[in-house]
Amino acid sequence: MPLFHVECAQRKGAARRFAIRRRMPEPYDFRAVERAWQERWSKERLYAASSAPSRKYYLLEMLPYPSGDLHVGHAKNYTLGDAVARMMRMLGHDVLHPMGWDAFGLPAENAAIQRGIDPATWTKSNIANMKRQLGLIGTSYDWSREITTCDPEYYRWNQWIFLRLYESGLASKREAPVNWCPHDRTVLANEQVVDGRCWRCNNLVERRNLAQWFLRITAYADRLLADLEKLGGWPERTRAMQRNWIGRSEGVELSFGVAGTDARVAVFTTRADTLFGVTFVAIAPEHPVIPTLRGVISKKNAAAIDAFAESLRSKSELERTSLMEKTGLFTGTYAVHPLSQERIPIWVTNYVLAEYGTGAVMGVPAHDERDFDFAHKHGIPIAQVIVPHDAPSPLPPLREAFVEDGRLIASDDFTGMTSARARAAITQRLEALGTGRPSVQYRLRDWLISRQRYWGTPIPIVYCERCGEVPVPDDALPVLLPANVSITGEGAPLTLVPEFFQTTCPRCGGAARRETDTMDTFFESSWYYLRYLSPRDDRAPWNADEAERWMNVDQYIGGAEHATMHLLYARFFYKFFHDSGWVKGSDEPFERLFHQGFVLHESEKMSKSRGNVVGIDETAETYGVDAMRLFLLAVTPPEDTSDWTDDGITGRVRFLNRLWRLCQRESGARPSDGREEASNERALVRAVHVAAKSAREETLSRRFHYNVTIAKLDELLNAMSDVERADPQSPALAYAASMLPLLVAPFAPHVAEELWHRAGHDTSVHLEPYPEPDESLIALDEVTLVVQVNGKIRARIATRPGLSEQDALDLALGDANVLAHLDGAQPRKHFYVPGKLLNLVR
RNA sequence: GGGAUGGUGGUGGAAUCGGCAGACACAGCAGACUUAAAAUCUGCAGUCCGAAAGGACGUCCGGGUUCGAGUCCCGGCCAUCCCA
């Protein structure tokens, strides 16, 4: 039922209430209105997506981690998504707007350790609270499609996808030095190490050699890079970050012989032109050639190398490559230059990493900064082989590495060539000799998904003494995560649960042990957008027909912090699905991407430790949800960082109160037909259409600058006040009042619905079409002609629109100030922007 | 060092195509209403000169293109993010 008689704020006394009522209509009681409509919308399932969309629009917001409480920063993201969803619905699209929970992960486990709460219980109560809060801020999700990634019915399909990756050779277990966080006691993917520290707890990451599960995302490196070009609907910033992250470099892989052995040491370089400047070869202390070197070096050298390797064993990549001083040790043996056949000393160093590239680099001190430092420190010769094109003669001694391209010197028969030409020629020569070939190297590493954690998807593999590594068959899925596991923070929890890991081999029936690692939670967020399409399907992770109907995601909204991890993994998965024939059409999942900005408070990020969190519940109680939504949309363009201020939101509270009063006025006037006589009435009708046009264009252009639209709505209210003062019975006023609920519906859905029903409508305003802007009503009937003399404004003349060039000229030359600045002369030239501007050039 | 994005009043921002810089809002000031305050309503408001009319300057700095530049080009400075 419509809320026809909302009581005003109960706190105030009855006498006061009557006094207010006599003077003006009831004040806007946002608390009662907002609560009542939220209940009714949810009962009527207003926002369920169509089962047979004709103009589909898949709008997706990144699924949140259920951390407990939403603050106004989260609300900014969801308010934007909701405004877009509501606009698109009112513009006649079949909108799919689902929501779910990225429910596995560390914080639940940490809560278990610190407070003894079961991770499942903790997660579920957080989800319940956050779902309530999403309802509180008036969002229009289709909750019938809700997914929760820690439900067996969801993670079962994680395991299913893992098995398909396994069969394709894209998932495999191997021993490798990995990033180990000593605080969280787990390994981290490369993407989760930020400046050498754990992305969650900020502790320095160590290196350990462990057998771990990897996904071979590197097999897709070239396509992930090349297809960034297809993503025109993505911010350039994000594409650039992915380009950097994938880090393609073209060069040569070549090898040096090792004197006195048959061994060869391979190196990769993008600077083959500097090959004659090589004065040492640097290898990682873990390099596989070292055992071979033992045969030709002294016992003392061998022992020194072992000690050096031992000292670096647990040092992180960051420490070795950046924090520590560059150190090294001459092995006592020599490499043989592939072209000059010279003997080049082989050094073991801390700054070359075994798992990067080939684990060895050619040292060219004259043309590489790191090599220069290293050579300088260890008395290694520096041989300059590239000079600038304008190099003086004789050459001054090098004070620092010359890293740019130039012309070759002292390089055998390549001397005199430019760097670019020499790179090609030297590569060709190496290829002919069989000691090198063109090669492309990527910075991207394989994605490490093993976690020694409880609260994640169990990896569906068992280890059988007889059969070895055996995948769990599809019909035995899901491998359930056991309940009631004691979580102490010591070691991997599942290794302490024999009921879980003791099993039988699916192949031979013999005794076997389950994998006790769980998956990185980015696994489930790499494909969840497909699960929304058929969330209860128990035969497949998603229904192919539904995928064909709804994919791709038309608009994805989420934070820029996911530019490399989530967004790269999701692209990788989708390409795999596409290659497997499970999805059709484009092999990119997200057509358009929008990063909303942060909300700061007191110029700092909101955090519990700073004590500056602005919660949703308090804000809804104090100012109301519509005011909060309007503020978040109005304060900045959505992609910018905004600052939460109590002053700022009072402007939106005022807006709602004015809106309420202006639409609730008792006036006998019938709404006009938009053809008004008085100029302030025409201006008011115009303001209605300008606002409608702005909302429509901000949505369809995908710029989403609703801050501008809301400014137009402010102007509309100002225009209403103007007319009201002149003629409270104006039909134009009644017209504007009838349009406003429709205009504000996507932004302030509650007040819009209440006003709509009070105006006598029975159905929801949110199912109505958005007002169609009429250009003829937007056109001005009086325009200002700006007259410039030599580009400086000398007059503004009010005139009719559609003025001809000659009329404009006549008008301008009748203006005293214009004539004064022309100083008696006739303009030599003039430029006319019809109806706007005339520039006279003397 | 490389890449991306940005820099406009006291503040957030507007100007979407090269054509009136500062819409709209916050904060401020003045007035109306009120015993008073709050709320509300009305008005003022880039800087400088001027009584005013009007003029000069003005979108980080310096150049350039153009009849005309916040917008395009070149160089620099600063900020944020990503990669080294």
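1. In this predicted model, the residues of the surface near RNA strand B divide into 16 charged, 12 nonpolar and 11 polar. In total 39 residues surround the strand, and the closest are Arg443, Val635, Arg654, Arg725 and Asn839.

2. As for the secondary structure behind this surface, helix α22 (706-726) is among the elements that each supply at least two residues, and α22 gives the most, with 8 residues. The other elements that reach this threshold are the helices α8 (236-246), α20 (646-664) and α27 (816-822), together with the strands β31 (783-789), β32 (792-799), β33 (829-833) and β34 (837-841).

3. On the RNA side, 74% of the atoms of strand B within 4 Å of the protein belong to sugar or phosphate, while the rest belong to bases. Individual polar contacts can be named for both parts of the strand: a polar side-chain atom of Arg725 lies 2.6 Å from a phosphate oxygen, and a polar side-chain atom of Arg794 lies 3.2 Å from a phosphate oxygen, whereas the corresponding partner of Asn839 is a base oxygen, 2.6 Å from a polar side-chain atom of that residue.

4. A separate point concerns the cysteines, since the structure holds 0 disulfides. The sulfur of Cys467 has its closest cysteine sulfur in Cys508, but the separation is 3.7 Å and therefore too far for a bond, given that a disulfide requires the two sulfur atoms to be within 2.5 Å. Cys467 counts as partly exposed, at 25% relative accessibility, whereas Cys181 is buried, with a relative accessible area of 0%.

Conventions:
Residues numbered from 1 in each chain as written. Chains lettered and ligands numbered in written order. Predicted model: local features only at pLDDT ≥ 70, side-chain atom pairs only at ≥ 80, totals over all residues. Heavy atoms only, no water. Near = heavy atom within 4 Å. Polar contact = N/O pair within 3.5 Å; in protein donor to acceptor, adjacent residues only side chain to side chain. Helix = DSSP H or I, 4+ residues; strand = E, 2+ residues; numbered from the N terminus. Nonpolar A, V, L, I, M, F, W, Y, C, P; charged D, E, K, R; others polar. Buried < 20%, exposed > 50% of the residue type's maximum accessible area, 1.4 Å probe, protein only.
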